[in-house]
Amino acid sequence: MEIIRTVEALKKWRSSFNESVGFVPTMGALHEGHSTLIKRSVSDNSKTIVSIFVNPTQFLAGEDLNTYPKKEESDRKICELLGVDAIFMPEISTMYSDDEVLISAPNIRGYILEGHSRPGHFDGVLQVVMKLLNLVQANNAYFGKKDAQQLALIEQMVKNYFLSVNIIAVDTVRQNDGLALSSRNAYLSENERKEALKLSRSLKEAAHLFQVGENNCSVIKVKMLEVLDGLDVEYVSIVDRSFKEIENIEQNNTIVLVTARVGATRLIDNIWI
Ligand code: PAF
């Protein structure tokens, strides 16, 4: 497995073969969720490259940029074991200059929900993903459905900018008790981890209500909030796949999202119906 740190070395690696390349962009602190993306890429493509880069432009002032979990050694081992061919681990100065042409997330989808709570976050995500996609020139790039809004915006950017990569959406990975895997789970105390289960339980409740015939979103949201009682809920939202709020759940076109703070940790989760 090659560790690549510069743009020149990445270009050299990329031009050394013609087979299909799968790309898994990450910020490191790899967990089962990432492993699932990586395994999918390894099975779909001849070569897989993972990027590990804690992207400063997607963190707002006061967020956890400086304390974001770093696990370089174990990240490398995981990649090696999963059959990754290369890891791209650039420095900030490799990725950014002082004066940059910026990308803005679209008003509607970029500044609601996560984008409303974290204004500018998606501009930074799109900026770095555009750079990474252009650098890696992958055939397929893999993103988790857990970051549903990020996924939708990246799909839109690829379409709007005529990028030729396929974006592959991969299901959220959960622990046995339902907790969605996230690098930020590392911040949770034992008690907070128990409380955090309320997020996935509220989503299960939404799916259950729909299965037994309830499709009114207001009713479902009230029931979800009951399950979430005791948490500092930022939003519960039910949208269609284009992220428009809807009144009634439609099968195969709905995403139910929840964001809450458990102690100081902000967690997001969603379920696709
Ligand atoms: O989902 C993430 O880990 C990040 O937002 C991404 C896509 C790697 C961009 O920094």
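Guide: Welcome! A salt bridge here is a side-chain nitrogen of Lys or Arg within 4 Å of a carboxyl oxygen of Asp or Glu. Please keep in mind that this is a predicted model.

Visitor: Thanks! Which residues are linked in a network of salt bridges?

Guide: One pair to start from is R261 with E234, whose closest N and O atoms are 3.9 Å apart. That value lies within the 4 Å cut-off, so the pair counts as a salt bridge. The network links E114, E234, R261 and R266.

Visitor: In which strands do R261 and E234 lie?

Guide: Let's go back to that salt bridge between R261 and E234, with N and O 3.9 Å apart. It joins distant parts of the chain, the two residues being 27 apart. R261 belongs to strand β8 (residues 254-262), and E234 to strand β7 (residues 232-240).

Visitor: Is R261 buried, partly exposed or exposed?

Guide: The relative accessible area of R261 is 32%. Buried means under 20% and exposed means over 50%, so a residue between those limits has the middle label. E234 also has 32% and is partly exposed. For R261 the label is therefore partly exposed.

Visitor: How many salt bridges does the structure hold?

Guide: We have already met one of them, between R261 and E234. Another is formed by D64 and R184. For the structure, the number of salt bridges is 14.

Visitor: How many residues apart in sequence are the parts that D64 and R184 tie together?

Guide: The closest N and O atoms of D64 and R184 are 2.9 Å apart in their salt bridge. D64 sits in the loop between β3 (47-52) and α3 (72-82), while R184 sits in the loop between β6 (166-170) and α9 (190-211). The pair therefore ties together parts whose separation, in residues, is 120.

Visitor: Does D64 count as buried or exposed?

Guide: The relative accessibility of D64 is 14%. The cut-off for buried is under 20%. Its partner R184, at 19%, is buried too. D64 therefore counts as buried.

Visitor: Where do D177 and R193 lie?

Guide: The side chains of D177 and R193 meet in a salt bridge, at 2.9 Å from N to O. This pair links distant parts of the chain, 16 residues apart. D177 is in the loop between β6 and α9, and R193 is in helix α9.

Visitor: Let's turn to the ligand. How much of its area does the protein bury?

Guide: The residues around the ligand are P25, T26, M27, N55, Q58, V128, V129, F143, D147 and Q150. An oxygen atom of the ligand is 2.6 Å from an N or O atom in the Q58 side chain, and an oxygen atom of the ligand is 2.7 Å from an N or O atom in the side chain of Q150. Taken alone, the ligand exposes 290 Å², and the share the protein buries is 89%.

Visitor: How many residues of the shell around the ligand are charged?

Guide: Sorted by class, the shell has 5 nonpolar residues and 4 polar ones. The charged class includes Asp, and D147 is among the residues around the ligand. The number of charged residues in the shell is 1.

Visitor: Which backbone oxygen does the side chain of N270 reach at 2.7 Å?

Guide: N270 lies in strand β9 (residues 265-272) and is buried, with a relative accessible area of 2%. A polar atom of the N270 side chain lies 3.1 Å from the backbone oxygen of K145. At 2.7 Å, the N270 side chain reaches the backbone oxygen of K146.

Visitor: What is the phi of F243?

Guide: Most residues other than glycine have a negative phi. F243 lies in the loop between β7 and β8, and at 3% relative accessibility it counts as buried. The phi of F243 is positive, at about 70 degrees.

Visitor: And is F162 buried or exposed?

Guide: F162 has a positive phi as well, near 55 degrees. Its place is in the loop between α8 (148-160) and β6. With a relative accessible area of 73%, F162 is exposed.

Visitor: Last one: how many disulfides does a search of the whole structure find?

Guide: A disulfide needs two cysteine sulfur atoms within 2.5 Å. Among the residues here, C79 is buried at 0% relative accessible area, and C217 is buried at 1%. Searching the whole structure gives a disulfide count of 0.

Technical notes:
Residues are numbered from 1 along each chain as its sequence is written. This is a predicted model: local features need pLDDT of at least 70, side-chain atom pairs count only at pLDDT 80 or more; totals for chains, interfaces and linings use all residues. Side-chain values use heavy atoms; hydrogens and water are left out. A residue is near a molecule or strand if one of its heavy atoms lies within 4 Å of it. A polar contact is a pair of N or O atoms within 3.5 Å; within protein, one must be able to donate a hydrogen and the other to accept it, and residues adjacent in sequence count only if both atoms are side-chain atoms. Accessible areas come from the Shrake-Rupley method with a 1.4 Å probe; for residues, only the protein chains shown count as cover. Helices (H or I, at least four residues) and strands (E, at least two) are DSSP runs, numbered from the N terminus. Buried means under 20% relative accessible area, exposed over 50%, partly exposed in between (1.4 Å probe, protein chains only).
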